[in-house]
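Hi everyone, thanks for making time this morning. Let me put the sequence and the structure up on the screen, and then we can walk through them together.

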Amino acid sequence: MSKIVERPSSQSKSEAIEHIVLFKVKDEAEPSKVKAWLDALNGLSSLDQVAQLTAAPLIQTTTTATSLNFTHILHSRYNSKQDLKAYTIHPRHDSAVKDHDLLIVEDIMAFDWVASDLHFAVTPKPKPGSAIQVSFFKLKEGDEGKDVKKSEILGVLKEMKDGLLSRQQ
């Protein structure tokens with residue numbers, strides 16, 4: 001179960017850390033082992049360092065890279081870089097990796113970023129049957145006007161975020 005994290009209203013800017021791990025589960029992995037693995041990952045949400053954590057199968061992926069055929073995702077949020085570091089070295093995290101990941105996972109991609117000015121509460125874990133869409137963008141290398149395009153993309157994303165925040169209120 002995810003936790004709800006209330007941020008003090010006097011805190012105008014936070015530095016939450018978003019952590020995403022994509023997994024490719026082996027085709028021959030037994031469904032019971034995959035379920036046990038997901039249960040172990042989702043159980044990590046109870047760690048003090050974790051603000052929010054959800055692990056689940058992917059519904060679909062869209063990519064132009066044929067080698068990126070991931071099957072599962074772990075999305076988590078931490079209130080600081082120190083919390084993320086403490087999570088990654090926690091014995092329960094280590095156990096989930098050694099006891100499960102190494103047996104059924106054939107490929108992993110992980111990335112983290114600072115989610116600046118994340119001033120709204122983390123919502124509870126989505127109800128079964130809910131879906132969350134995550135999109136990643138990469139500007140082409142050596143693209144002329146890359147900074148202008150980046151600013152335009154960030155502006156559109158900020159408008160989307162502002163629209164979502166106004167609906168929450």
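The accessible surface of the protein comes to about 11,500 Å², and carbon and sulfur atoms account for 55% of that area. Please keep in mind that this is a predicted model. Of the 169 residues, 29% count as buried. As for contacts in the protein with a separation of 6 or more, 78% of them are between residues 24 or more positions apart.

Now, the overall layout. You can find four helices and four strands here, and if you read along the sequence, the pattern goes β-α-β-β-α-α-β-α.

Let's go to the sheet. How are the four strands ordered? The order is E2-E3-E1-E4, in an open sheet with antiparallel pairing. Strand E2, residues 52-57, and strand E4, residues 105-116, are at the edges. Each of those two has a single partner strand, so one of its sides has no neighbour in the sheet. On average, neighbouring strands in this sheet are turned by 10° against each other, ignoring direction.

Have a look at E1 and E4 in particular. E1 covers residues 15-25, and eleven bridges join this strand to E4, the two running antiparallel. To pick out one pair, valine 25 has valine 105 in E4 as its bridge partner.

Next comes helix H3, residues 91-104, which lies across E1 and E4 and runs at about 120° to E4. What span should we expect for the 14 residues of H3? At 1.5 Å a residue, the expected span is 20 Å, and the end C-alpha atoms are 20 Å apart, so the two agree. H3 does have a bend of about 30°, at valine 97.

Which residues of H3 are buried? They are His93, Ala96, Asp101 and Ile104. These buried residues pack against E1 and E4, and also against helix H1 (31-43) and helix H2 (81-89).

I'd like to finish with one residue, valine 34, which sits in helix H1. Is valine 34 buried or exposed? Its relative accessible area is 13%, and the cut-off for buried is under 20%, so valine 34 counts as buried. Leaving aside neighbours within four places in sequence, valine 34 is in contact with Val25, Ala29, His72 and Ile104. Two of those names have come up already: Val25 as the bridge partner of valine 105, and Ile104 among the buried residues of H3. Valine 34 and histidine 100 are 66 residues apart in sequence, with their C-alpha atoms 8.2 Å apart in space.

Thanks for listening, and I'm happy to go back to any part of the picture.

Definitions and conventions: Residues numbered from 1 in each chain as written. Predicted model: local features only at pLDDT ≥ 70, side-chain atom pairs only at ≥ 80, totals over all residues. Heavy atoms only, no water. Pairing = 2+ DSSP bridges. Axes fitted to C-alpha atoms, helices over the stretch in contact; angles between N-to-C directions. Contact = heavy atoms within 4.5 Å. Expected span 1.5 Å × (residues − 1). Bend = angle between axes of the 7 residues up to and from the residue. Buried < 20%, exposed > 50% of the residue type's maximum accessible area, 1.4 Å probe, protein only. Areas by Shrake-Rupley, 256 points an atom, 1.4 Å probe, with all protein chains shown as cover.
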